[in-house]
Amino acid sequence: MTGAAVTILEANLMGASCARVCPVEELCEGACVLGADHKPIEIGRLQRYATDHIYERGVMPFTAAPPTGRRVAVVGAGPAGLTCAGELAKLGHEAVVFERRELPGGLSTYGIVVMREPIRVSLEEVDFVRRLGVEVHTGVEIGRDVTPESLLEEFDAVFLGAGLGGVPALGIPGEYLEGVTEALDFIAATKLAEKDGLDRLNGLPLGRHVAVIGAGNTAIDAATVARRLGAERVTIVYRRSESEMPAYDFEIAFIKQEGVEFRLQLQPLEILGRDGRVSGLRCARVTLGVPGPDGRRSPTVDPTDEVVVPCDQVITAIGQEKPRALIEAFGLESTLGYAAVDEALRTTNPKVFAGGDCVRATGHAMTVTAVADGKIAARSIDAYLASLPVRSALEGTR
Ligand SMILES: Cc1cc2nc3c(=O)[nH]c(=O)nc-3n(C[C@H](O)[C@H](O)[C@H](O)COP(=O)(O)OP(=O)(O)OC[C@H]3O[C@@H](n4cnc5c(N)ncnc54)[C@H](O)[C@@H]3O)c2cc1C
């Protein structure tokens, strides 16, 4: 079993997270060669069993190469940053990770619902990467506590694995009423509550009738958690139709079974309040036009046809903020608000590399794609470091 786990971790340092969070129906199990006549091999469950085996026994199967004297700063302790740092450490480079939050692990720690991945698993992965020799500093925000200039001066290369930001504001009246919560804060509170052994949310009130605005995977997760925590009614409010929902089909089918309701083709106009608290969501009906380049039909709001969705809590899940501030702080070029990179994950500064959600302008952002980016970037950084002039013995000692 140790051998199986080593093979998995050689390919994927976040193998324990991926075993739990990967949409295997769409990826490996969906592509299983047993074909349509057989049940696919349960790759996710096998991977979980093997990686649990090695973590439970505290096995460290890797030995780092002798130190090269090169130092790399990694911004963000999510799957992309941790993978890049771990792979660099294996190659003998000193990798130092800076993470702005209190706990490392990125969305594996704070964002992926607890039924899929408890915080314990992502913290075990962080510990494994630390045991490879990686330094992880939490509570340090690059751009606030440490300047990009000082990182560029102090380190031989920098990897940006900073992910994306919080849920953007809706821009409608009522969004600052008590009872309006953004989905990522809501999910993070449930993760921390589980870690602290509590069966209730850490001070975060849960409504009886929760309206979730949005229909991506985050909206589905927030709706599932709200329902499981005991909300009597949970309603997903989305401005297009079911076929246009960004969430995976199997997730939509799942939350229907959980009793989550859908109010489709509704555009929120205002969050209504009574005594400072949410009392409903005023929406206009939407008609759908012809499909755009992404295949989704464009919505047209009918301002004369309004409905109120009754609710006492609104959870917003309309995507995540782009990492514009960090890209600008490093003076990098961007694509649609994401860091612009080439196939080797080089940015427009030869010393700076980037990967994970902060570069994923197109395609599905997943843990496994962030891990793949971390590996690709580590190889590119290694090649870049090898191309640098050899330092004198004096320069090499800091
Ligand atoms: C609610 C939700 C559920 C999801 N569920 C799944 C799932 O089930 N399966 C799946 O495969 N994927 C899922 N994903 C996607 C997956 O979590 C991400 O694709 C993955 O975590 C991206 O990794 P990353 O390292 O690029 O970014 P992140 O995980 O976001 O990590 C980035 C880290 O950088 C830190 N950071 C940012 N700026 C700075 C700064 N200036 N200084 C220091 N640190 C900084 C952040 O605090 C964060 O810890 C989900 C995403 C969300 C939002």
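These are numbered notes on a predicted model, covering its domains, ligand shell, sheets and one helix contact.

1. Domains. The domain assignment splits the protein into domain 1 (66-165 + 321-396) and domain 2 (180-316). Domain 1 is thus listed in two segments, 66-165 and 321-396. Taken over C-alpha atoms, the centres of domain 1 and domain 2 are 32 Å apart.

2. Contact between the domains. On the domain 1 side, 7 residues are in contact with 10 residues of domain 2. The side of domain 1 that touches domain 2 comprises 5 nonpolar and 2 polar residues, with no charged residues.

3. Ligand shell, origin. There are 37 residues around the ligand, and those that come nearest are G76, G78, G106, G163 and G356. Both domains take part: domain 1 (66-165 + 321-396) and domain 2 (180-316) each give at least three residues to the shell. By secondary structure element, at least two shell residues come from each of α4 (79-90), β2 (94-99), α5 (107-110), α9 (217-228) and α12 (367-387).

4. Ligand shell, composition. Sorted by class, the residues around the ligand are 17 nonpolar, 13 polar and 7 charged. Charged residues are therefore present in the ligand shell, whereas the side of domain 1 that touches domain 2 has no charged residues.

5. The parallel sheet. An open sheet of 5 strands runs in the order β3-β2-β1-β4-β15, with parallel pairing. Its edges are β3 (135-138) and β15 (352-354), each of which pairs on one side only. On average, and with direction ignored, neighbouring strands in this sheet are turned by 20° against each other.

6. Details within that sheet. Strands β1 (residues 71-75) and β4 (residues 157-160) run parallel and are joined by 4 bridges. One pair to look at is V72, whose bridge partner in β4 is A157. Helix α4 lies across β1, β2 and β4, and runs at about 165° to β2. Both α4 and β2 also appear among the elements that supply at least two residues each to the shell around the ligand.

7. The antiparallel sheet. A second open sheet has 3 strands in the order β9-β10-β11, and its pairing is antiparallel. The edge strands, β9 (266-274) and β11 (297-310), each pair on one side only. Here neighbouring strands are turned by 15° against each other on average, direction ignored. Between β9 and β10 (residues 277-291) the antiparallel pairing extends over 8 bridges. Within this sheet, E270 stands opposite R282 in β10.

8. Helices α1 and α3. How do the axes of α1 (residues 2-11) and α3 (residues 43-56) cross? The two axes come within 8 Å and cross at roughly 105°, which means that α1 is roughly perpendicular to α3. From α1, the contact is made by T2, A4, A5 and I8. From α3, Q47, A50, T51, H53 and I54 take part. The residues of this contact comprise 5 nonpolar and 4 polar, with no charged residues.

Methods: Residues numbered from 1 in each chain as written. Predicted model: local features only at pLDDT ≥ 70, side-chain atom pairs only at ≥ 80, totals over all residues. Near = placed C-beta within 6 Å. Domains from an automatic or database assignment. Axes fitted to C-alpha atoms, helices over the stretch in contact; angles between N-to-C directions. Parallel < 35°, antiparallel > 145°, perpendicular 65-115°, else oblique. Contact = placed C-beta atoms within 7 Å. Pairing = 2+ DSSP bridges.
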